[in-house]
Amino acid sequence: MEYKTLQLNLASAKDLNNVNLLSKMQVYAIVSISGDPANKQKTKTPLDREGGTNPAWNFSAKLTFNELLARQNRLTLEINLRCSGSLAVDKDVGSVQVPLSELVKQTGDGKTFQHVSYQVRKPNGKPKGSFNFSYKINEPVNHNHKVELEPVMVTGYPSPAMGSNSAPYPIVYPPPPTQPQYPDGYTYPSPSPLYGEYQQTPVEYFYPPQNGYVYPPPPHEVPVAKSYF
């Protein structure tokens, strides 16, 4: 499900209904998006203590919304204006209701804020005053985004493609030992003048160590094979 972000700048209101006859009104605005049971977002501006029927806030807010529901004209941007009461009982001043599909269609280039003004209606439905704000709709936000990791093949030797940002190199094992090189002076068995009899000239074996591998010592005696005819 794809969501987008509605970025608002709640600027001001003008010529609101005066619900306080003995003192100056102190007005604030509550902003929300209705039509989506799963969306319970709500934000509130600070209290304007000086503006009276012409309050100003210049308050920034962000709300996310379901783009599909907005294009189906099922979502509404609601702005409720209220006045702080002297006896801790706030009074309703008026409200603004804007179909979110209307804002989606008028996003412009999506980078600059669009300035709009809408009629404020009193609780009895009669128009009284106006509300000014600007908005822009940012790039989509995917709430069901999943991160998939690519499989990494681990071998006995490091891969040339593995870099500093990759997984750590695996353990590198030394190559197997090579065959020993015999020194000069080694005499292989030679046949004797007597048929079937072989002799071995005793020499000293020498096995150089290969990568720490120790070879077993050779036998001290070489057996002599004899045949009798």
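**Q&A on a predicted model**

Me: Does D15 count as buried, partly exposed or exposed, and what is its relative accessibility?
Reply: We're looking at a predicted model here. Buried needs under 20% relative accessible area, and exposed needs over 50%. D15 comes in at 41% relative accessibility, so this residue counts as partly exposed.

Me: Where along the chain is D15, and what is its phi near?
Reply: D15 is in the loop between β1 (2-14) and β2 (27-34). Its phi is positive, though D15 is a residue other than glycine. The value for D15 is near 55°.

Me: And N73, which loop is that in?
Reply: N73 is another residue other than glycine, and its phi is positive, near 60°. As for the place of N73, look between α1 (67-71) and β5.

Me: Is L77 buried or exposed?
Reply: L77 is part of strand β5, which covers residues 76-83. The cut-off for buried is under 20% relative accessible area. L77 has just 1%, so it counts as buried.

Me: How far apart are the C-alpha atoms of L77 and L6?
Reply: Leaving out residues up to four places away in sequence, L77 touches a list of residues, among them L6, L8, V31 and F133. L6 is 71 residues from L77 along the chain, but their C-alpha atoms are separated by 10.0 Å.

Me: Zooming out, how many helices and strands does the protein chain have?
Reply: Follow the sequence and you get the pattern β-β-β-β-α-β-β-α-β-β-β-β-β. Count up the α and β symbols, and the protein chain has two helices and 11 strands.

How values were computed
Residues numbered from 1 in each chain as written. Predicted model: local features only at pLDDT ≥ 70, side-chain atom pairs only at ≥ 80, totals over all residues. Heavy atoms only, no water. Helix = DSSP H or I, 4+ residues; strand = E, 2+ residues; numbered from the N terminus. Buried < 20%, exposed > 50% of the residue type's maximum accessible area, 1.4 Å probe, protein only. Contact = heavy atoms within 4.5 Å.
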